[in-house]
Structure formats: C-alpha cells, structure tokens
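Me: I am new to this structure and would like to know how its labels are justified. Please take them step by step.

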Amino acid sequence: MKSKKQNTILFFSLTLLLVFTFVLNISLGQVSIPVKEVFKSLSGAIASKDTWEYIIVNFRLPKAITAVLVGMGLSISGLLMQTLFRNPLAGPYVLGLSSGSSLGVALIILGAAFLPSLVSEILLSSYGIIVASCLGSFLVLLLVLIVSSRLRDTATILIVGLMFSSFTSAIVSVLTYFSSAEQLQKFTFWSMGNLGNLSWQNILILGVTVAVGLLLSLISIKSLDALLLGENYAKSMGLNIRKSRYIIIIATSLLAGSITAFAGPIAFIGLAVPHLAKLLFQTSNHKILFGSTILIGAILMLFCDMVSQMPGIEFTLPINAITSIIGAPIVIWLLVRKRSLI
C-alpha cells in the first residue's frame, strides 16, 4: 500500500493527465485544431477561425464530455460489481443490463417494419431508441431486483443476471434472423457504440443520471470495504446486506443503463479500469479506488476516442471496437503480471 503522500502525487498526476487528454481529444481529429485555440475557446474567448469554433462547440466538446461521463460511469459500475460479487471478471453489464437495452433497441429497430409508418418513424428517432434502451434495461433491473429479494446468496444473483442476459440475447438473435439487411445495419451501428451523436440536452440528462449513480456509489464505500472480506464478516460488522446490495445494484443500473441508452454498449472499460486502479495504487480501500477509478476511466475513454478519430483518417472507427482492442491486452497484461486478478 502506498503512503498518503504518494497517493496525493498520483491523484495530482492523474488529474493533470485528464486535463491534458481532454484538451488533446478536442484538438485532434479529421480537422486538427491548435491546442492554444482549444484553450482559448474553452476559456470563453472565440477561436481564431469560425470553423474551429463551430467544430469545438458543436462536435468536439460534447463528444469529449460524453467520453468522460462514459468512462467514469462504466469504470465505477465495474468496480461495484467486482466487489459485490467478489469476482475479478465481473463488469458493469454482468446483471444483463446491456442485453436488456439491446433487446429494447432491437424491438424498435428490427420490429419497426411491422408498425404503421408514422409510429415507426417516431420510434426510430434518437429519442425513441434512447427510451427503448432505457425501458429494456429497466425491465431487466426490475426482474433482477425481484429475484434478488428472494435470494440470500449474492453469487446466485450473478448467475441470475447471466441467465437474463442469455435469454434476452436469444430473443435478439431471433429478431435479427427475420430482419432485413437495412434493419440489421442500423442495429449493428448502434451496437458498435457512438459518443458523438448526443445533443447538449442529452448530455445534461446523461450527466445528471451518472451523477446520481456516482453519489449512490460514494454512499456505498463503507459497505464495499466490508463486503471485501465476505458477507459473514460484513454482517458481523452490522451491515445490512440486503439494503447495501440494493443500493449497489441500483447505482450500477443507473450508470450502465443510462450510458448504454445514450452511447450504446461499450466493452472492457468497466472490466479493465478497476484493476488498473488497484495495480497503480496498490490498495483495496474503496475511498482511494473510487477517485482513482473515476480518473483512469475518463482518461482511458478519452484516449480510446482519440484513437477512433486519428488525424488523417476520413472516418471514425467504432468506439466499442477500439475499447476492446485496447482493453483486452490490458486485462491479459494484468493476468500475466499478477498471475491472478483476485
């Protein structure tokens, strides 16, 4: 475990790195914008060129903020799940929330052909897809909460979540089998994830939801520290296991569900970042892990977004593919380095 001074230096370094990555993310892209012009625009002044100002305010800045929110939310929800289930391979979507969102979106996109044209046009709008994703995720959450109220063993909830995930994935597979090429293309594009399609209003809604999820996670820090040593120890410390479990599951659902609804399913960030934070700070104290996971998650997500829109490339690569390409080697490296993630 590192000393308090070392942790302070690490936190300060990560904060500076986050600011640097945020500015660099806005600067890089198909149109390169000088860093000083980005600082000028972010400080309230107007960039030297109207084109740069328009790109920063309407495209780059919203996408960078979305990347930060997504990175923070998925990383913390991954930390919550890994601690709750005491499973190093648990991620933010382990409860089946992503599959529930995918089912909601699949029903809209792949089933729109069977609806009247006016209704299908409304449902296929960006808001229609977001609502469908939220409803799908909420339905799975409701089922998980109902089942978990009847179960004492937390590990069993993990199995229930996986079963819900398999069930909803099977329904999506049936829908895709009967869908047209155009419908499949739309659904595939959504499943690849996208950080750049959100309006300022959408970002505000996502920001509020992520903030509530992070607040619930912050409230659960003492519970998470107690759960590290097992449920029996936590009970002996006077912890209400059922109440703590509900709060953690709801926090994860708010974070992972809202992010999936607005940005699509994004892999590996929630799985890899908590392990990076533990490796860097060499602690299992959730007070330290909470802040470090948030910072590392935001930095890694901004970096993945930069890779997806490298200068000189005329198209943007799918963010879900980039996070998997970068995240998978990180997890493998952690396994090789530590010989175990436990």
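Reply: A salt bridge is a side-chain nitrogen of Lys or Arg within 4 Å of a carboxyl oxygen of Asp or Glu. The model is predicted, and it holds 2 salt bridges.

Me: Why is the contact between K40 and E37 called a salt bridge?
Reply: The N to O distance between their side chains is 3.8 Å, and the limit is 4 Å, so the pair qualifies.

Me: Where do K40 and E37 lie relative to each other?
Reply: Both belong to helix α2 (residues 35–42), and because they are 3 residues apart, about one helical turn separates them.

Me: What makes E37 buried and K40 partly exposed?
Reply: Buried means under 20% relative accessible area. E37 has 5%, so it counts as buried. K40 has 31%, which lies between 20% and 50%, so it is partly exposed.

Me: How do you know that D305 and K63 form a salt bridge?
Reply: Their side chains meet at 3.1 Å, N to O, which is within 4 Å. D305 lies in helix α14 (residues 286–308) and K63 in helix α3 (residues 50–84), so the pair ties together parts 242 residues apart in sequence.

Me: Are D305 and K63 buried or exposed?
Reply: D305 has a relative accessible area of 2% and K63 has 12%. Both values are under 20%, so both residues are buried.

Me: Why is α4 described as largely enclosed by the rest of the structure?
Reply: Because 12 of its 13 residues are buried. Among them are L97, G100, V105 and I109.

Key:
Residues are numbered from 1 along each chain as its sequence is written. This is a predicted model: local features need pLDDT of at least 70, side-chain atom pairs count only at pLDDT 80 or more; totals for chains, interfaces and linings use all residues. Side-chain values use heavy atoms; hydrogens and water are left out. Helices (H or I, at least four residues) and strands (E, at least two) are DSSP runs, numbered from the N terminus. Buried means under 20% relative accessible area, exposed over 50%, partly exposed in between (1.4 Å probe, protein chains only).
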